[in-house]
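Visitor: I'd like to learn how to read a few backbone and cysteine features. Could you walk me through them?

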Amino acid sequence: MKDFTATEYMLETVATGRLFEDAGWVLDDTQCECPSLVRARYAARQLNARDEDWGIYRFCDWMPVKRTLKGSCAPVTYKSEKLAEYLGLDNLYITFNGFFPEKGALMTTCSFKETEAYSVCGRLKGDADRILVVASAGNTARAFAKVCSDNHIPLLLSVPEDNLDALWFEEPLNDCVKLIASQKGGDYFDAIHLSNLALRSERFLAEGGAKNIARRDGMGTTVLSAATHIGRIPDYYFQAVGSGTGAIAAWEANMRLIEDGRFGSHKMKLMVSQNAPFAPMYHAWKADSRALLVYDDVHARHDVEIIDAKVLSNRKPPYSLRGGLYDALKDTEGDVLVATNEEARAAAALFEKLEGIDIHPAPAVAVATLIAAVRDGAVDRSKTIMLNITGGGEKRFKAGKKLWYLQPSYVFGLDPDPEDVVQKAESLFA
């Protein structure tokens, strides 16, 4: 770990502009009467990117962290040649989050969820006496499990049983990491509900999801990687979204870069995508509705079963609240796009052929929508485009390795007894 002093910042409520101090783990402004995100306002108005051996903490000026943790890697940005040539793009930059040693990308969980985990856990005090709780559809759980195991941070994970194959590791985890699951047939929303029941116990601490400034500002390092590599803010930003938190983070990082003054004064057009038929934010956006449209549980679970990119299956995303994805899209004149499984699979195969590395189903959705946007004339081919590959290199990383899988200590039904959940969750950390 580096010689490091905690980052200085204030909190700002998006809806009201109120500035106030972070009492330690603030997720909401209790004085705000409407749903709103809070943002970090950093003392450092210009970014001082440190050397690469700092890992993700090379961007710690704009991360709300009290300490640095071992094992991190920053996102890596490079200029595409073959995919760019195939699409006829002059300035396509790929920000790669995963395992791609030839490009210097060494995230061993193969997902940009590592950026969240190292930032969130760095926000925790080293002597924290409550147990962090994280709900996940898979990749986030794998990232938090690795970071907490490597740094001896107690963690309770909640994941759908259908997604347990995402919890693979090179070696067994430290016993400080525990897992509970919602039974087969459940989805990410069920895992969130299960985690919320466990959080009725005062022994546990909610990670907070999109409301946690550390999660968003960790994800925002993808844009910081791109801007510092390119020397300017990109014109377009392509990413697949489940909650939209990564795109919100990109928007917030963009605004900090404008304030910095050295990277341009423009806003990236956010071009975010979902995996059809599960596309609640796409349908709301196309209806020009701040509120998500009605999407009953049975229909939603059915659509989640169909899509390849399970990590994009958030039924309650931070879309409508102030500072959420709806506002980000409006402010950047962005758009929400969709791709089918078949389109995403074809895009993944094309990306691997041209760029030389496998990618996850979620970024394959983003690649598919980039291909369609270029074809349809929705982007200016001469502009600078950032393609956020949010996970990749898993096939490369796993080759020849014997993997270990984290198994749940308890599996609960989709309508579990709250007291039973609390009792069993607490017993795991007796």
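Guide: We will look at cysteines first and then at some backbone angles. This is a predicted model, in which local features need pLDDT of at least 70, side-chain atom pairs count only at pLDDT 80 or more, and totals for chains, interfaces and linings use all residues. Residues are numbered from 1 along each chain as its sequence is written, and side-chain values use heavy atoms, with hydrogens and water left out.

Visitor: How many disulfides are there?

Guide: A disulfide is a covalent bond between the sulfur atoms of two cysteines. The rule here asks for a pair of cysteine sulfur atoms within 2.5 Å, and the count comes to zero. For C60, the nearest cysteine sulfur belongs to C73, 16 Å away. For C110, the closest one is also in C73, at 11 Å, which is too far for a bond.

Visitor: Is C60 buried or exposed?

Guide: Buried means under 20% relative accessible area, exposed over 50%, and partly exposed in between (1.4 Å probe, protein chains only). C60 is buried at 1%, and C110 is buried at 0%.

Visitor: And what about the backbone angles?

Guide: Most residues other than glycine have a negative phi, and most peptide bonds are trans. C110, however, has a positive phi near 65°, and sits in the loop between β6 (105-106) and α2 (113-123). Helices (H or I, at least four residues) and strands (E, at least two) are DSSP runs, numbered from the N terminus. H152 has a positive phi near 55°; it lies in the loop between α3 (139-151) and β8 (155-160) and is exposed, at 55% relative accessibility.

Visitor: Which residues does a cis peptide bond join?

Guide: A276 and P277, with omega about 15°. P277 is in the loop between β13 (269-275) and α8 (280-286).
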